[in-house]
Amino acid sequence: MKAIGFKKHLPIDEEESLIEFETFKPVAKGHDLLVKVKAVSVNPVDVGVRKSGHGTLREPKIIGWDAVGIVESVGENVSLFKKGELVFYAGSFKRSGSNSEYQLVDERIVGHAPQKLTTAQAAAMPLTSLTAWEALFEQLEINPNDKKNNNEKTILIINGAGGVGSIATQPASWAGLKVIASASRPETIEWVTKLGADKVVNHHLDLVHEVRKLGYEYVDYILELNDLDGHWNEMAELIKPSGKIASITENKRPVNLRKLTKKRATFAWEWMYTKSFYQTPDMITQHEILDKISSLLDQEIIKTTLNKAFTPINDLNLKEAHKIVESNHMIGKVVVSDE
C-alpha cells in the first residue's frame with residue numbers, strides 16, 4: 001500500500017521532509033478495524049512529531065491523527081462496526097498514523113462518521129472534538145445536560161479560533177455556558193463569533209483587563225489552548241473561587257500552583273491520547289463521544305471547523321497543509337482528501 005512519512009526531521013520546505021513510499025498492507029486482528037483512508041487532517045501534533053528528533057530513522061515514520069475512511073475488514077473481537085461502514089477517528093499516539101492508504105485502529109476509539117458531511121468536513125473533527133469534549137465535560141466536569149445551571153456560568157477559551165478552540169466554543173455554548181473566546185485579528189474574531197462565542201477578548205492584550213472590561217470579575221472555567229506560561233498569571237487571577245482550569249499545552253517553566261491555593265481552584269491537563277496510550281478501562285468512551293459528535297454534526301448543532309482543503313492525499317499536499325499549521329495563523333482546520 002502507499003504511505004507518506006519521514007525518515008529525517010527536516011524543515012517542511014525540504015524535499016524529503018515528507019516522502020511517499022510502499023509498505024505492507026496490515027491485517028485486522030482482535031479489536032482492530034482495517035480502514036481504507038479517504039481523508040485526513042493535519043494538527044499541531046503532526047508538525048511537532050515531524051520536527052522533533054535527530055538523525056535518520058531506519059524505516060519511515062507514518063504520522064497523521066485524524067481520518068475518515070471505510071471499514072475494509074475487522075478483527076475477530078470487533079462488535080461495534082462492520083465492513084463497509086464509514087468511520088472517523090483520531091487514532092493512537094503509539095501506532096502507525098493515518099497518512100497511508102490503509103490503517104489499523106482500535107474500534108473503541110472510532111466513531112460512525114456523520115452522514116450529512118463530506119469526508120473532508122468530517123476529517124476535520126475527531127482529534128479536536130475529542131480534546132474539547134474531554135476537556136469540557138471530563139476535566140472541567142461541566143454537566144452538558146444541566147443547561148439551567150450552566151446559563152449562570154462563564155468559560156474563557158484562550159485561542160478560540162484554533163483547531164480545538166473552534167470546536168470547544170460550540171459544545172460549550174450548546175451546554176448553556178456564556179462563552180468568552182480569545183481572538184486577535186478581524187478574521188478570527190468573525191470566526192469565533194460565527195461559531196457561538198458570546199464575547200471576544202484579545203489574548204495579545206492583558207486578559208484580566210480584557211475580561212473585566214466586559215463586566216466579569218471572575219470566570220467559572222478556563223480552557224487554555226495556547227501558551228500556558230504566558231497566560232498562567234492571568235488565569236490564576238481570573239478564575240473564580242472553586243473554579244476549574246484545563247490546559248492542552250505543556251509548560252516550558254514551572255507552573256506556580258500556589259497561586260490557586262486561596263481560591264481552592266482546580267487545574268487539570270487534557271491529552272486526548274491518554275486513553276489509548278495507557279489502554280484505560282474507559283477507552284470506549286472515545287467511541288461514544290465520537291458517535292455523539294457525529295449526531296450533533298448531522299443535526300447541525302455543531303458545525304465542521306474545516307477551513308482549508310487539498311486534494312488528493314499525496315506528499316505535496318500534506319506538505320502544504322503542514323506549512324499552514326506551522327504558520328500559527330491557521331483558522332479552524334486544514335484537510336487533505338481523495339474526494
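Strand 9, residues 154-158, is where I'll start. In this predicted model, 5 of its 5 residues are buried, so strand 9 is largely enclosed by the rest of the structure. In a regular strand the side chains alternate between the two faces of the sheet. Here both faces are covered: Thr154, Leu156 and Ile158 are buried on one side, and Ile155 and Ile157 are buried on the other.

What does strand 9 pair with? On one hand there is strand 10, residues 178-182, which runs parallel to strand 9 and is joined to it by 4 bridges. Within that pairing, Leu156 has Ile180 as its bridge partner. To get from strand 9 to strand 10 the chain passes through helix 5, residues 163-174, and this β-α-β crossover is right-handed. The other partner is strand 12, residues 219-224, again parallel and again with 4 bridges to strand 9. There, Ile155 stands opposite Tyr221.

Now the sheet as a whole. It is open, has 6 strands with parallel pairing, and the order is 11-10-9-12-13-14. Which strands stand at the edges? Those are strand 11, at 199-201, and strand 14, at 266-269; each has a single partner strand, so one side of each is left without a neighbour in the sheet. On average, neighbouring strands are turned by 20° against each other, direction ignored. At the strand 14 end, strand 13, residues 239-247, runs parallel to strand 14 and is joined to it by 4 bridges. Ser247 is the residue opposite Trp269 of strand 14.

Next, back to the crossover helix. How many residues of helix 5 are buried? The count is 11 of the 12, so helix 5 is largely enclosed by the rest of the structure. Among them are Gly163, Val164, Ile167, Pro171 and Trp174. Just after helix 5 comes Gly176, with a positive phi of about 105°.

Helix 5 also meets helix 3, residues 126-139. Two packed helices are described by the angle between their axes and the distance between the axes. For helix 3 and helix 5, the axes come within 8 Å and cross at roughly 50°. The two helices are therefore oblique to each other, and their crossing is right-handed. On the helix 3 side, the contact is made by Thr128, Ser129, Thr131, Ala132, Trp133, Leu136 and Phe137. Helix 5 contributes Gly163, Val164, Ile167, Ala168, Pro171, Ala172 and Trp174.

Another helix by the sheet is helix 8, residues 228-238. Of its 11 residues, 8 are buried, so helix 8 too is largely enclosed by the rest of the structure. The buried ones are Leu228, Asp229, His231, Trp232, Glu234, Met235, Ala236 and Leu238. What do they pack against? The list is strand 9, strand 12, strand 13, strand 14 and helix 7, at 207-213. Strand 9, where I began, is one of the elements on that list.

Last, a single residue: Leu318, in helix 11, residues 315-326. Is Leu318 buried or exposed? Its relative accessibility is 0%, so Leu318 counts as buried. Apart from neighbours within four places in sequence, Leu318 is in contact with Ile4, Leu18, Val40, Val42, Asn99 and Val336. As for Ser41, it is 277 residues from Leu318 in sequence, while the C-alpha to C-alpha distance is 8.9 Å.

Note on methods:
Residues are numbered from 1 along each chain as its sequence is written. This is a predicted model: local features need pLDDT of at least 70, side-chain atom pairs count only at pLDDT 80 or more; totals for chains, interfaces and linings use all residues. Side-chain values use heavy atoms; hydrogens and water are left out. Two strands pair if DSSP finds at least two bridges between them. Axes are lines fitted to C-alpha atoms, for helices over the stretch in contact, and angles run from 0 to 180 degrees between N-to-C directions. Buried means under 20% relative accessible area, exposed over 50%, partly exposed in between (1.4 Å probe, protein chains only). A crossover is right-handed if, with the strands pointing away from the viewer, the path from the first strand over the helix to the second runs clockwise. Angles under 35 degrees count as roughly parallel, over 145 as roughly antiparallel, 65 to 115 as roughly perpendicular and the rest as oblique. A crossing is left-handed if the near helix is turned anticlockwise from the far one by less than a right angle, and right-handed if clockwise. Contact means heavy atoms within 4.5 Å.
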